[in-house]
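Good morning, and thank you for making time for this presentation. Please look at the structure as it comes up, and I shall begin with a single residue before turning to the whole.

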Amino acid sequence: MEWTLKTDEELRESLRICQFDERELERQAAFHKGLADPTRLKIVRLLGIAPMCLCELSSALEMPNSTLTHHLRLLERGEVIRSTRLGRNTVFQLIEKEVGEHV
C-alpha cells in the first residue's frame, strides 16, 4: 500500500469529492443506531417473519412493554420499521429498503 501525508489542499479536495450531506449522514447514523443492539436485531428478525403488535413482541421476547417501546422508538427513528394504528393495536412492520440504500 502506498500512502503519503495529504496537504490541506488535497484534504479539501477529498471533502469536495465526498460531498457530505449532513441530513443524509444523520439519517444513516439513526438507521445504524437502530440496528446496533441485540434486542433490536431480535425485533427486526421477528418483524421479518410478519408484522406484530406490541403485545406479540413483548410475549415473544419476554420483555416489559416499557423496554420494548424504547427499542421500537429507536427503530422507527432510524426508519427501520413503521407503525400503523389498527383499532386498539399498533402494528409494527419492517420498511422495505433497496439494496445498499443505507450504506
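Gln19 counts as exposed, because its relative accessibility is 61% and the cut-off for exposed is over 50%. This residue is found in the loop between H1 and helix H2, the latter covering residues 22-35. Its backbone also deserves a remark: phi of Gln19 is near 45°, a positive value in a residue other than glycine.

I should say at this point that what you see is a predicted model.

Where is the second residue of this kind, Glu62, found? Glu62 lies in the loop between helix H4, residues 54-61, and helix H5, residues 65-77. Here phi is near 50°, again a positive value in a residue that is not glycine. Glu62 has a relative accessibility of 75%, and therefore counts as exposed.

Let us now place these loops in the overall fold. The protein has five helices and three strands. Read from the N terminus, the order of elements is α-α-α-β-α-α-β-β.

How confident is the prediction? The average pLDDT of the protein is 92, and 94% of the residues score at least 70. Confidence is lowest in helix H1, residues 8-18, with a mean of 90. It is highest in helix H3, residues 38-49, at 97.

I turn next to the overall dimensions. What radius of gyration does the protein have, set against a compact globule of 103 residues? The protein has 19 Å, whereas such a globule would have a value near 13 Å. The C-alpha trace spans about 60 × 25 × 25 Å along its principal axes.

With regard to burial, 26% of the 103 residues are buried. The accessible surface of the protein comes to about 7,900 Å², and carbon and sulfur atoms account for 54% of that area.

Contacts along the chain are the next topic. Taking the contacts between residues at least 6 apart in sequence, 50% join residues at least 24 apart.

Finally, a word on charge. The protein carries 15 positive and 17 negative charges, and the mean positions of these two groups are 9 Å apart.

To close, I return to the two loop residues. Gln19 has a positive phi near 45° and is exposed. Glu62 has a positive phi near 50° and is likewise exposed. Thank you for your attention.

Terms used:
Residues are numbered from 1 along each chain as its sequence is written. This is a predicted model: local features need pLDDT of at least 70, side-chain atom pairs count only at pLDDT 80 or more; totals for chains, interfaces and linings use all residues. Side-chain values use heavy atoms; hydrogens and water are left out. pLDDT is the predictor's confidence in each residue, from 0 to 100. Helices (H or I, at least four residues) and strands (E, at least two) are DSSP runs, numbered from the N terminus. The radius of gyration is taken over C-alpha atoms; the globule rule is 2.2 Å times the number of residues to the power 0.38. Buried means under 20% relative accessible area, exposed over 50%, partly exposed in between (1.4 Å probe, protein chains only). Contact means heavy atoms within 4.5 Å. Accessible areas come from the Shrake-Rupley method with a 1.4 Å probe; for residues, only the protein chains shown count as cover. Lys and Arg count as positive and Asp and Glu as negative; His and the chain ends are not counted. The place of a charge is taken as NZ of Lys, CZ of Arg, CG of Asp or CD of Glu.
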